[in-house]
Amino acid sequence: SSLHFDAVVIGAGAAGLFCAARAGQRGLGVLLIDHSPRVAEKIRISGGGRCNFTNRELDARAPQRHFVGANPQFARPALSRYTPQDFIALVQHHGIAFHEKHKGQLFCDRSAEDIIAMLLAECADGRVERWQPCQVKNVVFSASSRRESSAGSYQIDTERGTVEARSVVVATGGLSIPKIGATDFGYRLAQQFDLPLVERRPGLAPLTFDGAAWSPYAQLAGLALPVAISTGSKKTRTTFHEDLLFTHRGLSGPAVLQISSYWQPGTPIAIDLAPGVHLPEALALAKARSRKLIANELAALLPARLADAWAAQSTDWQRPVNEASDKALARLAERLGRWELAPTGTEGYKKAEVTLGGVDTRALSQHTLEAKAQPGLYFIGEVVDVAGWLGGYNFQWAWASAAACAQALAPA
Ligand code: FAD
């Protein structure tokens, strides 16, 4: 004979812990299973160890502003019903100190462990039973033959035995950072139940470039500066104003992580290395007034190392500014203001902060996150084709989708 639960939640990360806690607090018998020995490894490493747990600028009425996916509008009901303010209130209730960094991003003052401890306390409050490390071997659905009250039940075969439940919640996250436990379990389970998937690829990831083409810039590794970065055709253009970081292999930093979620393989990105500066004017002015080398003049507008490397790209730019031709200066202004380059790829799931694509939202209810054609089966968090910007948006989606699901599991 097998154990019975109202709901089995698979994946004890951000979404799974929160959903299990809320469903438990509503009186359901909940079992939470994770194959990792520790809960929420991703929360632990998030936000540089301080967990950027939400974002004050999230606009639930316009999810397309901060979320990507085939249909960002899908996230609207869940994001509207459980808001950043709701999560902030919970964090405050637990006495966790936090601060706003910039652009609405909220971080713990002390450590991401505070958020994990909070979620575990919420689970304890909901009498959630937790099994980990524990592998889930198989999930089988049996439609009920007679009873009208329920559509059927699930049998979940695990390393610790078989359990039965009316509902299964899949909260196994995306593919990024396999070394701390990411798997494709959620996608495979979706396929087992004939749910369509949107192709997965790394998002919020550093971009890489062809080795030979990149070598002039490799010496700039470690350099950071504010830029405007964009990609897409005129009609679909997306631009971010954030910091750029040069690495040995390519580009990273918030500007590049953000744009990587919009970048389409085979297309270029464009970077304004001196945003807010009218370069043609600044260089014309320098030419009229100065006899310094172009690199020295550029160093007033850019980090000196970048100014040097930039001027070194053309003999026309390796002379005193007053001796440069108008044409050479115009070309310099043009290239600094619009440095166009074609990434060869991203650094992949090893470095990506999120997975783009996932369970196709058309197959899910946007109010409950339940599979439309498979009663009792729910998908929440990153496994769904909803990915957020850098800045706390991914966690807010995890909390909000978890809350919507918990409410559906146990209507008040
Ligand atoms: P996860 O939190 O990844 O949880 C999935 C859980 O499922 C894990 O515990 C895993 O062990 C378990 N699991 C996987 N496969 C199986 C299986 N086969 N069987 C059983 N269990 C399984 N987002 C922000 O909003 N702010 C940040 O500051 C931030 N920083 C980040 C930093 C890094 C380095 C990374 C990689 C991501 C960051 N993110 C951040 C993104 C955020 O961590 C995720 O979007 C979020 O954790 C997704 O929540 P989830 O519950 O869906 O999945």
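The questions and answers below concern a predicted model, its ligand, one helix pair and two backbone features.

Reader: Which helix supplies the largest share of the shell around the ligand?

Author: Three helices, α1 (14–25), α2 (41–45) and α13 (393–409), each give at least two residues to this shell. The largest share is three residues, and the helix that supplies them is α13.

Reader: Which class, nonpolar, polar or charged, has 14 residues in the shell around the ligand?

Author: Around the ligand there are 29 residues, and A15, D34, T183, E382 and F395 come nearest. Sorted by class, the shell has eleven nonpolar and four charged residues, and the class with 14 is polar.

Reader: How far is an oxygen atom of the ligand from an N or O atom in the side chain of E382?

Author: Backbone atoms also approach ligand oxygen atoms: a polar one of F395 at 2.8 Å, and an N or O atom of G392 at 3.5 Å. For E382 the partner is in the side chain, and the distance is 2.7 Å.

Reader: What percentage of the ligand's accessible area does the protein cover?

Author: Polar contacts to the ligand include the one from the backbone of F395. On its own the ligand has 1,000 Å² of accessible area, and the part covered by the protein is 93%.

Reader: Is the crossing of α9 and α12 left-handed or right-handed?

Author: Helix α9 (residues 279–289) packs against helix α12 (residues 326–337) at about 145°, with 9 Å between the axes. On the α9 side the contact is made by L279, P280, L283 and K287, and on the α12 side by D326, L329, L332, A333, L336 and G337. By class, that contact has seven nonpolar, one polar and two charged residues. The crossing is right-handed.

Reader: Which residue is joined to P133 by a cis peptide bond?

Author: Most peptide bonds are trans. P133 sits in the loop between β7 (129–131) and β8 (136–143). Omega is about -5° for the cis bond, and the partner of P133 is Q132.

Reader: What is the phi of C51?

Author: Most residues other than glycine have a negative phi. C51 is in the loop between α2 and β3 (52–55). C51 is not a glycine, yet its phi is positive, at about 55°.

Notes: Residues are numbered from 1 along each chain as its sequence is written. This is a predicted model: local features need pLDDT of at least 70, side-chain atom pairs count only at pLDDT 80 or more; totals for chains, interfaces and linings use all residues. Side-chain values use heavy atoms; hydrogens and water are left out. Axes are lines fitted to C-alpha atoms, for helices over the stretch in contact, and angles run from 0 to 180 degrees between N-to-C directions. Helices (H or I, at least four residues) and strands (E, at least two) are DSSP runs, numbered from the N terminus. A crossing is left-handed if the near helix is turned anticlockwise from the far one by less than a right angle, and right-handed if clockwise. Contact means heavy atoms within 4.5 Å. Ala, Val, Leu, Ile, Met, Phe, Trp, Tyr, Cys and Pro count as nonpolar, Asp, Glu, Lys and Arg as charged, and the others, Gly among them, as polar. A residue is near a molecule or strand if one of its heavy atoms lies within 4 Å of it. A polar contact is a pair of N or O atoms within 3.5 Å; within protein, one must be able to donate a hydrogen and the other to accept it, and residues adjacent in sequence count only if both atoms are side-chain atoms. Accessible areas come from the Shrake-Rupley method with a 1.4 Å probe; for residues, only the protein chains shown count as cover.
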